[in-house]
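Let's take a walk through this model together, one stop at a time. Keep the 3D view open and turn it as you read.

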Amino acid sequence: MAELCAVVGVGQTKHAACRADVSIAGLVREAVDRALIDANITIADVDAIVIGKAPDMLEGVAMPELWLADALAAHGKPVFRVHTAGSVGGSTAIVAAQHVMAGVHGTVLTIGFEKQSDGNAMWALSVPIPFGMPVHAGAGGYFSPIVRGYIERSGAPKHIGAIVAVKDRTNACKNPYAHLHEPDWTLEKALETPMLWDPIRFIETCPSSDGAMALVIMSEERADKHAGPKAWIHATAMRSEPTAFAGREQISPRAGEMCAEDLWRKAGITNPAKEVDVLEMYVPFAWFEPMWLENLGFAPRNEGWRWVEDGVTDMTGSLPVNPSGGVLSSNPIGASGMLRFGEAALQVMGKAGEHQIAGAKKAVGHAYGGGSQFFAMWLVSSDKP
Amino acid sequence: MSEADGLMRLRLPIAVTYNWSAGPNATSHLAGLMEGKLIGKRCPSCSSVYFPARNGVCPKCARILAEDVTVGPKGTITTFCIVNVPFLGQKIKLPYVAAQILLDGADISMQHLIQECEAEDVRIGMRVEPVWKDRSEWGPSMENIEHFRPTGEPDQVMGSESGAS
């Protein structure tokens, strides 16, 4: 039986297009220092460090965890690196939690980061597959045909993506750490932005960001003696599937459904839409909000877009999605999943500031990566299970 | 090198060339392309036909793919994207249509370029055929096909195949 554990410290950087003021190590250290201060501990209290980032090609620095060990003061401590593409921030937090759940360590520090300005993600994600046809154009080029498939299948009107984008950009203005602070978007203006990867518009795409997120996770024994709010980890789940196989459901991948089913079962949730107070979901392209609402079992199939249109996912709706502004407002890729997990923790700790959802008791963090093939989720609560 | 607030930023190149062991499945695919043939592989368990059979095994059944199957050359567009965004390493003039094409006889789509029609006329279910480059330019690559173009046949009703892999 796994041991109970909790998030007791959350620290993130100011996310920006280019943090030229710091190196990768400085960026990571900024988040770590804030998480340790938030947890009111020092690095000496940390038993192990689990670090994650997206593909090394994004910055062109291979195995950065080796040289980051210095910046993390990891001397004499175990350091682990996790990689599951864009979902890595989520899966890294889960691996960290599992070290505590397994009873191996009492206090674990976990970090996700990306310094996109040091490299070129569009290039890194468009490297030709050997001897294939080089028509692939970055992540947008990969996901756009899948979005078109969703629109065709669900009959969603074409402005749904823009509604999500305006909501997330508006929410981000309440989050001082968010990369984009753009308060003046309207649906009308959003619909005038150009199609980059038709049917995906400019407004409906995430920015490229530099940023990091760090969390401190403690065992129940230690957390009980620890002053301050905690986010108890009720359940974690991860699933994966191959990128391509005959008959693969690309719009709503089976691995995503299985990940959510596993999470709901472990957390004792029978009606996610009613029982979850706030959802931080990985939405790098706006259309993925309705698509994931369906995939994770919140909305019925082909109905997710109606929830968006009806304002269900607004800050004031019955299921607020991404009050932090989400990936659409900050995308340091390797940190983006941990930002979802950490923002979920902040909500149930009552520490989300201006974007706090009043009375949030149960929050879900979600991340996906690769060709919609890696999924990671956790459910955290202000109360013990 | 540029300096902001007295801090250096260095602009440095990165380039890699590498060897790739294609293995028996990709080898038969690539050897086929050098003769203008589209050769896929059938799974002995679920009978799915993979083109190209990039892996040695069926991703669903984990059975080793052995039987060659010639697919296409015509196919149907299952979904597509109109690319308007310029990026490093790009070789094709914008805007272009990158489509998922399900070749006749295959059970998984592959991505290729659509030309010889306006981007706004491309549809899910549209029938297309390959236009090969001059044989003198052929190598072990899907780039031997310059692009796909509409055949003019009636659209195929895709149903649940729409937007699928």
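Start where the two chains meet: A:Asp198 has B:Ile82 as its bridge partner in β6(B). Close by in sequence, A:Trp197 stands opposite B:Val83, again in β6(B). Both pairs belong to a join between strands, since β5 of chain A (residues 195-198) and β6(B) are linked by two bridges and run antiparallel. Keep in mind that this is a predicted model.

Now follow β5(A) the other way, back into its own chain. Two bridges also tie β5(A) to β6(A), a strand covering residues 200-201, and this pair is antiparallel too. Here A:Met195 stands opposite A:Arg201. With one residue between them, β5(A) and β6(A) make a hairpin.

Step back and look at the whole contact between the chains. Chain A puts in 39 residues, and chain B puts in 39 residues. On the chain B side, β2 (7-9), β6 (75-83), β7 (96-103) and β8 (110-114) each supply at least two residues. Which of them gives the most to that side? That would be β6(B), with five residues. Sorted by class, the side of chain B that touches chain A has 22 nonpolar, 11 polar and six charged residues.

Next, head for the interior. The largest nonpolar core has 164 residues, and A:Val7 and A:Ala345 touch the most other members. Helix α13 of chain A (residues 333-349) brings the largest share of this core, 10 residues. If you click on A:Val7 and skip its neighbours within four places in sequence, you'll find A:Ala345 among its contacts, along with others including A:Leu215, A:Ile217, A:Ile233 and A:Val380.

Another good stop is helix α1 of chain A, residues 24-39. Its 16 residues reach 23 Å from first C-alpha to last, close to the 22 Å expected at 1.5 Å a residue. The buried residues of α1(A) include A:Leu27, A:Val28 and A:Leu36, but also A:Arg29, A:Glu30 and A:Asp38. What do the buried residues of α1(A) pack against? In chain A, they meet β1 (5-12), α2 (64-71), β4 (107-115) and β7 (210-219). Right after the helix comes A:Asn40, with a positive phi near 60°.

Last stop: an annotation. An unreviewed UniProt entry places the feature "domain: Thiolase C-terminal" at residues 248-371 of chain A. In the model, the end C-alpha atoms of residues 248-371 lie 12 Å apart, and the span is 40% helix and 9% strand.

Technical notes: Residues numbered from 1 in each chain as written. Chains lettered and ligands numbered in written order. Predicted model: local features only at pLDDT ≥ 70, side-chain atom pairs only at ≥ 80, totals over all residues. Contact = placed C-beta atoms within 7 Å. Helix = DSSP H or I, 4+ residues; strand = E, 2+ residues; numbered from the N terminus. Nonpolar A, V, L, I, M, F, W, Y, C, P; charged D, E, K, R; others polar. Pairing = 2+ DSSP bridges. UniProt positions renumbered as here; feature names shortened; annotations may be inferred. Core = buried A, V, L, I, M, F, W, Y, C linked by C-beta atoms within 7 Å. Buried ≥ 20, exposed ≤ 12 C-beta atoms within 10 Å, placed from the backbone. Expected span 1.5 Å × (residues − 1).
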